[in-house]
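Please take a first look at the model below. The report after it covers pockets and one strand.

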Amino acid sequence: MKKLCFMVLFSILVSLSVGCGAETSTSGEGEKETVVLKLAENQPENYPTTQGVKAFASSVEEKTKGRYQIEVYAGGQLGDEKSVIEQIQLGTIDLARVNVTPLTEFSDDIGVLALPYLFNSEEQQWKVLNGEVGMDLLHTLQDANMVGLAFYDSGKRSFYNSVRPVHSPEDLEGLAIRVQQSKMIIDMVESLGASATPMAFEEVYSSLQTGVLDGAENNFPSYYSTNHYEVAPYYTLDGHSTVPEVVIASSELWESLDEEDKTIFLEAAKDSIEVQREAWAELVDEARQTIEDNGNEIIEITDVAPWREAVQPVYDNYGEQYEEWIDRIAEVE
């Protein structure tokens, strides 16, 4: 009887231990053990980041010959980004794709990527993110009990409004622009002469429609998918923010991998970048085509120097904190 009770208790403990984070299973006698990992993704099944992490998962399974399988939980099934990050830290979720913005609460250094007009060009941006500087920024997450594997594209955030075409920072003066609850973003918008108005995202459409807001800022796909283009016909491609997405792993998972498997995970994450970026480019093209067909006016900004000069107060306030990273980024051509 005691033996039976012990076996039942042992089974319960084992079930509890594999219920969090990685799970293990075997297909049959003599076959290798398979470790099943959870990856959190808050976007829908067909979204570019979801396509990226699915490519990553498939590559890991192929390269490890099925020893590791990654189950992608899309659509925010495992929680919002902040709660997912906290679960990554605890090891109850193995992997995730999150934006840099919520990561700044857990790692000071990576916040440099939130600075406006940080890169000279898209080419320079990806040389930085996929190069030594990007890898060093990913390594800073280790102090927060996370491991950064790769950066994904999140597009360029630009200004749109319902009042007038904006060709220069002076054209933004006096406009009420919706912003996220971020001190840096508020400072940026105000340095450009606009009135920064923090507001819940779901309230923006009606506020633009009724004139409570004059405008907002986001990337092409979001401008399109939220139907904001219907009530704010002027879109200025200034690209002030290029904050990327990040694929992260829990330190608990990472420490359980041998060196060969760590290399496989890093290579698979790197390979998936191209899949994600191609899917993102297609989505941007689709959104832009619909917006142009609707008759919206799109203003291309070819020289961001006046814009960068206008937000110098932001660099004065935050530059010292990120001075080393800013200098290293500027050195990449």
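What follows describes the two largest pockets and then strand 2.

## The model

This is a predicted model. Every value below is computed from it.

## The largest pocket

The largest pocket has a volume of about 1300 Å³. Its lining counts 48 residues. Nearest the centre of this pocket lie Asn 99, Thr 101, Pro 102, Arg 157 and Gln 180. Sorted by class, the lining holds 21 polar, 16 nonpolar and eleven charged residues.

Many elements contribute to this lining. Among those that supply at least two residues each are helix 3 (81-90), helix 4 (100-103), helix 9 (220-225) and helix 11 (259-293). Strand 4 (95-99), strand 7 (176-179) and strand 10 (234-241) also supply at least two residues each. Helix 7 (183-191) is on that list too. The largest share comes from helix 7, which gives four residues.

## The second largest pocket

The second largest pocket holds about 670 Å³ of space. It is lined by 30 residues. Glu 122, Lys 156, Leu 237, Gly 239 and Thr 242 lie nearest the centre of this pocket. Two or more lining residues come from each of helix 5 (122-129), helix 9, strand 10 and helix 11. Helix 11 gives the most, with six residues.

By class, this lining has 13 nonpolar, nine polar and eight charged residues. Helix 9, strand 10 and helix 11 appear here, and they also supply residues to the lining of the largest pocket.

## Strand 2: buried or exposed?

Strand 2 covers residues 34-40, and seven of its seven residues are buried, so the strand is largely enclosed by the rest of the structure. Here, buried means under 20% relative accessible area. Both faces of strand 2 are covered. On one side, Thr 34, Val 36, Lys 38 and Ala 40 are buried. On the other side, Val 35, Leu 37 and Leu 39 are buried as well.

## The partners of strand 2

Which strands pair with strand 2? Strand 3 (residues 68-73) runs parallel to strand 2, and six bridges join them. Lys 38 has Glu 71 of strand 3 as its bridge partner. Strand 4 also runs parallel to strand 2, joined by two bridges. There, Ala 40 stands opposite Ala 96.

A helix belongs to this arrangement too. Strand 2, helix 2 (residues 48-63) and strand 3 make a right-handed β-α-β unit. Strand 4 links back to the pockets: it pairs with strand 2, and it also supplies at least two residues to the lining of the largest pocket.

Notes: Residues are numbered from 1 along each chain as its sequence is written. This is a predicted model: local features need pLDDT of at least 70, side-chain atom pairs count only at pLDDT 80 or more; totals for chains, interfaces and linings use all residues. Side-chain values use heavy atoms; hydrogens and water are left out. On a 1 Å grid over the protein atoms alone, a cavity is a set of points where a 1.4 Å probe fits but cannot get out, and a pocket is an open set with protein on both sides within 12 Å along at least five of seven lines; lining residues have an atom within 4 Å of a point. Grid points are joined across faces, edges and corners, and a volume is the space filled by probe spheres set on the points. Ala, Val, Leu, Ile, Met, Phe, Trp, Tyr, Cys and Pro count as nonpolar, Asp, Glu, Lys and Arg as charged, and the others, Gly among them, as polar. Buried means under 20% relative accessible area, exposed over 50%, partly exposed in between (1.4 Å probe, protein chains only). Two strands pair if DSSP finds at least two bridges between them. A crossover is right-handed if, with the strands pointing away from the viewer, the path from the first strand over the helix to the second runs clockwise.
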